Amino acid sequence: MHPRYRHAAAIYDKAFPFFSFGAGPKIHEIVARTVAVPEGGTVVDVGCGTGLMLSMLRERVGPSGRVIGIDLTEPMLDRARQRVSHGGWKNVELRCEDMTEFDPGAEADAAVFVLSLSAAEPAEVFHHTLGYLRPGGSVVIADGIPARGRWYHPAINAYARFRAPLVGSDLGRARAIERLAHEHLEDVRTSVIWAGLYTIISGRVPNKGG
């Protein structure tokens, strides 16, 4: 995880809406609504940061389900721990671990990435995540993938390029995300939001041997 996040934890919750042009809350809502996880299931928030989406994921799995948030930055997780403690969420577990080393202990039903996959090495993290998801498991990714097809997308991409160092992202890594999804997931769906500043991709883990 980008070291900048160690210093941004204290202001991240307030700065996120600003840097996302107000899209932050909407992104979390769409991802939480899109992920296909059964009541009582397990969902992993990969790169959970300060835990902005944890409550939404809890609603999806219900009181008998399990939400696991992982992040490599302790100051960000400290904010997430405050949320969990204040909410009394007994079924939310937070771990300070590298995204490429995390082990949930049993197959998980779903994994979500909100602006975290392009902050790491997408291929390594993606393949590791598929390894602990059950066949048919749901994957939802929201990231700043460079947009194309509209006259205004070059301007949007220019802003994304300017912003990337500030948020620890990388447009080159972001470009690889869509390809990885189409190569390794089934029923892939892509939605471009906020004039192309963000892209949401969802799909299912193929059956083993399929």
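The sheet comes first: in this predicted model, seven strands form an open sheet in the order 3-2-1-4-5-7-6, and the pairing within it is mixed. Strand 3, residues 92-96, and strand 6, residues 186-193, stand at the edges with a single partner strand each, so one side of each is left without a neighbour in the sheet. From one strand to the next, the twist averages 15°.

Let me stay with one pair in that sheet, strand 5, residues 133-143, and strand 7, residues 198-204, which run antiparallel and are joined by six bridges. If you would like a residue to look for there, take I141, whose bridge partner in strand 7 is I201.

Now to what lies on the sheet. Helix 5, residues 122-132, lies across strand 1 (42-46), strand 4 (108-114) and strand 5, and its direction makes an angle of about 145° with strand 5.

For the chain as a whole, there are seven helices alongside the seven strands, and from the N terminus on the elements run α-α-β-α-β-α-β-β-α-β-α-α-β-β. Of the 210 residues, 52% count as buried, and the accessible surface comes to about 9900 Å², with 53% of that belonging to carbon and sulfur atoms. If we take the contacts with a separation of 6 or more, residues 24 or more positions apart account for 74% of them.

Next, a helix pair. Two packed helices are described by the angle between their axes and the distance between the axes. For helix 2, residues 24-34, and helix 3, residues 54-61, the angle is about 20° and the axes are 9 Å apart; with angles under 35 degrees counting as roughly parallel, helix 2 and helix 3 are therefore roughly parallel to each other. The crossing of helix 2 past helix 3 is right-handed, and the contact is made by H28, E29, A32, R33 and T34 on the helix 2 side, with M56, L57 and R60 on the helix 3 side.

Finally, some backbone angles. Most residues other than glycine have a negative phi. Which way does L115 go, positive or negative? L115, although not a glycine, has a positive phi of about 55°; this residue lies in the loop between strand 4 and helix 5, and it counts as buried because its relative accessibility is 18%, where the cut-off is under 20%. A195, also a residue other than glycine, has a positive phi near 65° and lies in the loop between strand 6 and strand 7, where A195 is partly exposed, with a relative accessible area of 40%.

How values were computed:
Residues are numbered from 1 along each chain as its sequence is written. This is a predicted model: local features need pLDDT of at least 70, side-chain atom pairs count only at pLDDT 80 or more; totals for chains, interfaces and linings use all residues. Side-chain values use heavy atoms; hydrogens and water are left out. Helices (H or I, at least four residues) and strands (E, at least two) are DSSP runs, numbered from the N terminus. Buried means under 20% relative accessible area, exposed over 50%, partly exposed in between (1.4 Å probe, protein chains only). Contact means heavy atoms within 4.5 Å. Accessible areas come from the Shrake-Rupley method with a 1.4 Å probe; for residues, only the protein chains shown count as cover. Two strands pair if DSSP finds at least two bridges between them. Axes are lines fitted to C-alpha atoms, for helices over the stretch in contact, and angles run from 0 to 180 degrees between N-to-C directions. Angles under 35 degrees count as roughly parallel, over 145 as roughly antiparallel, 65 to 115 as roughly perpendicular and the rest as oblique. A crossing is left-handed if the near helix is turned anticlockwise from the far one by less than a right angle, and right-handed if clockwise.
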